[in-house]
Amino acid sequence: MMDLNHDGPAGNWLSLLAAAEANAETEFEIEFCASLREKLDAYGDRARLTPAQEYKLRCIAEAGGFWERSA
């Protein structure tokens, strides 16, 4: 689990979220990014990502290879 409790959300996590929000294409990707943003807004320094959430975030941020995207 990605722990964001060290001095607030990690800059890497925030930059990944920003990149993912910019690259989101499918309805799932858009809603996923919105849910992470809501989690960040609601929990602030206590926000955490599961390994699965971190993986999905990285896939969307890198704008390629995510299973829901059509080729």
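Let's start with the surface. The accessible surface of this chain comes to about 4,300 Å². Carbon and sulfur atoms hold 52% of that area. Keep in mind that this is a predicted model. As for the inside, buried residues make up 34% of the 71 residues in the chain.

Now the layout. The chain has three helices and two strands. Read along the sequence, the pattern is β-α-α-β-α. How much of the contact map is long-range? Take the contacts with a separation of 6 or more: 66% of them join residues 24 or more positions apart.

Next, charged pairs. How many salt bridges does a search of the whole structure find? Two.

Take Glu-21 and Arg-37. They form a salt bridge, and the closest N and O atoms are 3.0 Å apart. Glu-21 sits in helix α1, residues 11–23, and Arg-37 in helix α2, residues 27–43, so this pair ties together parts that are 16 residues apart in sequence. Are these two side chains hidden? Glu-21 is partly exposed, at 34% relative accessible area. Arg-37 is partly exposed too, at 28%.

The other bridge joins Glu-54 and Arg-58, again at 3.0 Å, N to O. Both residues lie in helix α3, residues 51–61. They are four residues apart, about one turn of the helix. Why does that spacing suit a pair? An α-helix has 3.6 residues a turn, so residues three or four places apart point the same way. Arg-58 is partly exposed, with a relative accessible area of 28%. Glu-54, its partner, is among the buried residues of α3.

Let's stay with α3. Which residues of this helix are buried? Gln-53, Glu-54, Leu-57, Cys-59, Ile-60 and Ala-61. Just after the helix comes Ala-63, which takes a positive phi of about 55 degrees.

Cys-59 brings us to cysteines. It is buried, with a relative accessible area of 10%. Cys-33 is buried as well, at 2%. And disulfides? The count comes to zero.

On to aromatic rings. A search of the whole structure finds one aromatic pair. The partners are Phe-28 and Phe-32, and the pair is stacked. Centre to centre, the rings are 5.8 Å apart, with 20 degrees between the planes. Both residues lie in helix α2, four residues apart, about one turn of the helix. So this pair has the spacing we met in α3: four residues there, four residues here. Is each ring buried or exposed? Phe-32 is buried, at 9% relative accessible area. Phe-28 counts as partly exposed, at 28%.

Last stop: Thr-26. Where does it lie? In the loop between α1 and α2. Its relative accessibility is 18%, and the cut-off for buried is under 20%, so Thr-26 counts as buried. What does its side chain reach? The backbone nitrogen of Glu-29, at 3.1 Å. Thr-26 also lets us look across the chain. Ile-60 is 34 residues away along the chain, yet the two C-alpha atoms are separated by 9.9 Å. Ile-60, remember, is one of the buried residues of α3.

To recap. Three helices and two strands. Two salt bridges: one between α1 and α2, one within α3. One aromatic pair, set in α2. Zero disulfides.

Key: Residues numbered from 1 in each chain as written. Predicted model: local features only at pLDDT ≥ 70, side-chain atom pairs only at ≥ 80, totals over all residues. Heavy atoms only, no water. Buried < 20%, exposed > 50% of the residue type's maximum accessible area, 1.4 Å probe, protein only. Contact = heavy atoms within 4.5 Å. Areas by Shrake-Rupley, 256 points an atom, 1.4 Å probe, with all protein chains shown as cover. Salt bridge = Lys/Arg side-chain N within 4 Å of Asp/Glu carboxyl O. Disulfide = S-S within 2.5 Å. Phe/Tyr/Trp six-rings, centres within 6.5 Å; stacked < 30°, edge-to-face > 60°. Polar contact = N/O pair within 3.5 Å; in protein donor to acceptor, adjacent residues only side chain to side chain.
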